[in-house]
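Me: I'm new to reading protein models, so could we go through this one together? Keep it casual, please.

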Amino acid sequence: MTQHSATVIARANIALAKYWGKSDVALNLPAVASISVTLEPMRTETTVTFDDALAADEVSLNGKRADGKPLTRAIKVLDQVRALAKRSAHARVESSNNFPTASGLASSASGFAALVAAAWSAVDLPRDDVRWSALARQASASAARSIYGGFVELPRGVPGDAGLAAHPIAPADHWDVRVVVAVANEGPKDVGSTEGMTLSERTSPYYRAWVDSSDKLVEEVRAGILARDLTKVGEAMEQSTLAMHACMMASRPGLIYLQPATLSALATVKQLRREGVEVYATMDAGPHVKALCHARDAEKVAAALGSTPMVLRTLTAQPGGALERIS
Ligand code: PMV
């Protein structure tokens with residue numbers, strides 16, 4: 001046999017307590033803990049085939065051949081798996097998302113989680129969620145969280161701790177919430193997260209304050225999830241989001257990911273709350289707003305956000321399951 005192949009599905013996730021900043025850049029360790037919810041049906045499906053006949057690694061993303069940085073980052077993961085499995089064959093990676101790439105949901109989280117698990121499984125190593133999460137974290141810290149379903153925590157990293165992994169804190173069926181994504185206008189290309197985080201650490205006067213404030217917010221989000229308390233999670237999530245963006249904006253040069261559509265979607269979320277609908281907002285390193293609400297309010301929230309000026313469209317997600325191998 002010269003070919004070994006595996007296909008897996010991983011889901012995107014959205015942080016309810018945000019991560020921004022690294023305690024160890026070489027090992028890609030986060031300076032703050034984060035908590036996310038894994039999102040169904042935002043899926044990445046990835047097949048990795050190790051093939052002795054290949055002269056180099058080949059990566060295709062949504063049917064398009066990858067080169068440059070995305071290819072280099074994928075090869076780094078493949079090299080780590082090859083080293084563990086003591087193999088040398090090159091690999092063909094075919095990865096596609098079932099959610100639009102421009103939906104504002106980071107595909108790097110589900111993408112790297114799926115790549116690690118598919119490569120690992122293709123070389124016949126046994127399933128190991130903790131090691132998958134640690135390996136995925138080295139490629140993209142948010143990817144460590146997409147190995148697991150439901151509500152997931154990635155602790156802060158102590159410099160040198162190469163094994164840091166995420167862990168689940170509650171399963172997907174623990175809490176019937178929804179995340180309504182308001183897709184904002186596409187702006188110029190964002191500054192990548194690693195570049196942005198290191199810039200914030202070097203230049204933002206609010207970086208220390210952000211890091212110091214995060215522990216309390218993570219605790220509130222965790223306790224709120226366990227108690228199914230939307231007010232507690234929502235208020236802490238919004239503060240975590242806005243503190244992270246304040247830290248980003250005060251960098252030099254400022255990292256401004258918010259756009260007019262972001263602010264109008266935030267106003268809609270506030271207005272819904274005034275009308276008695278419990279809904280809270282978060283944003284990542286981009287302009288899109290993700291609104292957290294009870295399942296029973298999701299349609300109302302999606303309708304209000306969908307008719308908000310400058311919002312292009314909405315997508316609704318619910319807590320989703322862990323990474324799955326499908327062949
Ligand atoms: O893991 P990365 O490098 O994609 O960074 C993710 C950073 C945020 O999306 C802004 C926050 C988070 O915790 O997901």
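Me: What percentage of the 327 residues is buried?
Reply: This is a predicted model, where local features need pLDDT of at least 70, side-chain atom pairs count only at pLDDT 80 or more, and totals for chains, interfaces and linings use all residues. Residues are numbered from 1 along each chain as its sequence is written, and side-chain values use heavy atoms, leaving out hydrogens and water. Buried means under 20% relative accessible area, with a 1.4 Å probe and protein chains only. By that cut-off, the buried share of the protein's 327 residues is 54%.

Me: What is the radius of gyration of the protein?
Reply: The rule for a globule is 2.2 Å times the number of residues to the power 0.38, and the radius is taken over C-alpha atoms. For 327 residues, a compact globule would come out near 20 Å. The protein agrees with that, at 19 Å.

Me: How far apart are the end C-alpha atoms of helix α8?
Reply: Helices here are DSSP runs (H or I, at least four residues), numbered from the N terminus. Helix α8 covers residues 260-274, so at 1.5 Å for each residue but one (one less than the number of residues) its 15 residues should span 21 Å. The model agrees: the ends are 21 Å apart.

Me: Which residue just after α8 takes a positive phi?
Reply: Within α8, the buried residues include Ala261, Val269 and Leu272. Just after the helix, a phi of about 100° turns up, and the residue that takes it is Gly276.

Technical notes: Buried < 20%, exposed > 50% of the residue type's maximum accessible area, 1.4 Å probe, protein only. Helix = DSSP H or I, 4+ residues; strand = E, 2+ residues; numbered from the N terminus.
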